[in-house]
Amino acid sequence: MSFQEKVAEEGIPPTAVFGFSLLVVFLLLAAQYESWTLPFGVLLGTPIAVLGALGALWLGRLELDVFSQIGLVMVIGLAAKNAILIVEFAKEEYEHGASLVDAALAGARVRLRPILMTAFAFILGVFPLVISKGAGANSRQILGTTVIGGMLAATLIAVFIIPVTFYVSERFRGESEKAPLPHPGLALISGGTDGGPSADGKHP
């Protein structure tokens, strides 16, 4: 098993695994929200979760091996799930006429309790891996520590940053979709804006 883990590490580098994971999540979110900017509001919270997972491994003096890489991929998906809960509600509020700031705050306020409930239920469910003993305990401890550290960071830190990233992404999207102002010459040809005669001498 150790030989196969070594071969797997040499075949596919961790950066390629994480990059492909982020790409798949981005494409799925882009298809779900029909937007190329809104998925950034979701994915910008995942680096915080990854840093939390790496910090937990460092505090536990554990190695970054194939089991921790599996845990990091799980953390990316779980952190994106927390962000989706906020972004989806905020997007609905914004489309129903709320301002961008009010929509972001409403999404964070309404979805905070479900996020805390699901996140801490998952953390408590994974905690037995951290304190496991016996054969193969090291791999379970690494996997559990990675997931718990990432989920704690995603729950306690990233959940307050996601509304900001939603605001920034929607603000950028709104500015990019603004239609350009018509050329003054087009207004003269079509009759102007003051009800004057058009180019053919007829009143509009």
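In which helix do K91 and E95 lie, and how many residues apart are they? Select the two in this predicted model, and you will find both in helix α5, four residues apart, which is about one turn of the helix. Their side chains meet in a salt bridge, with a distance of 2.5 Å from N to O, and a search of the whole structure finds one salt bridge. The two partners differ in their surroundings, because K91 is buried, with a relative accessible area of 15%, whereas E95 counts as exposed at 55% relative accessibility.

Keep K91 displayed and add F166, since the next stop starts from this phenylalanine. Leaving aside its neighbours within four places in sequence, F166 is in contact with K91, and also with L38, G41, V87, A90, L100, A103 and A104. F166 is also among the residues with the most contacts inside the largest nonpolar core, together with L29, V42 and V87, in a core of 19 residues. To see which parts of the chain build this core, colour α2 (14-33), α3 (38-43), α5 (66-95), α6 and α7 (137-176), the elements that give two or more residues to it; α5 gives the most, with five residues. A second, separate core has seven residues, and for this one you can select I123, V126, I148 and M151, which are included in it.

Now select helix α6, residues 100-130, and follow it to R111, where the helix bends by about 45 degrees. A proline, P114, follows within four residues of that bend. Showing the buried residues of α6 brings up L100, A103, A104, A106, G107 and A108, and, further along the helix, I115, A119, I123 and V126. Of these names, L100, A103 and A104 have already appeared as contacts of F166, while I123 and V126 belong to the second core.

For the last stop, turn to the surface and select L116, F120, L152, L156, I157, F160 and I161, which make a nonpolar patch of about 590 Å². Helices α6 and α7 each supply at least two residues of the patch, and α7 gives the most, with five residues. Which residue of the patch might one centre on? F160 is a convenient choice in helix α7: with a relative accessible area of 55%, this phenylalanine is exposed, because the cut-off for that class is over 50%.

Notes: Residues numbered from 1 in each chain as written. Predicted model: local features only at pLDDT ≥ 70, side-chain atom pairs only at ≥ 80, totals over all residues. Heavy atoms only, no water. Bend = angle between axes of the 7 residues up to and from the residue. Buried < 20%, exposed > 50% of the residue type's maximum accessible area, 1.4 Å probe, protein only. Core = buried A, V, L, I, M, F, W, Y, C linked by side-chain atoms within 4.5 Å. Contact = heavy atoms within 4.5 Å. Salt bridge = Lys/Arg side-chain N within 4 Å of Asp/Glu carboxyl O. Patch = residues over 30% accessible without salt bridge, like charges linked within 9 Å, V, L, I, M, F, W, Y side chains within 5 Å. Areas by Shrake-Rupley, 256 points an atom, 1.4 Å probe, with all protein chains shown as cover.
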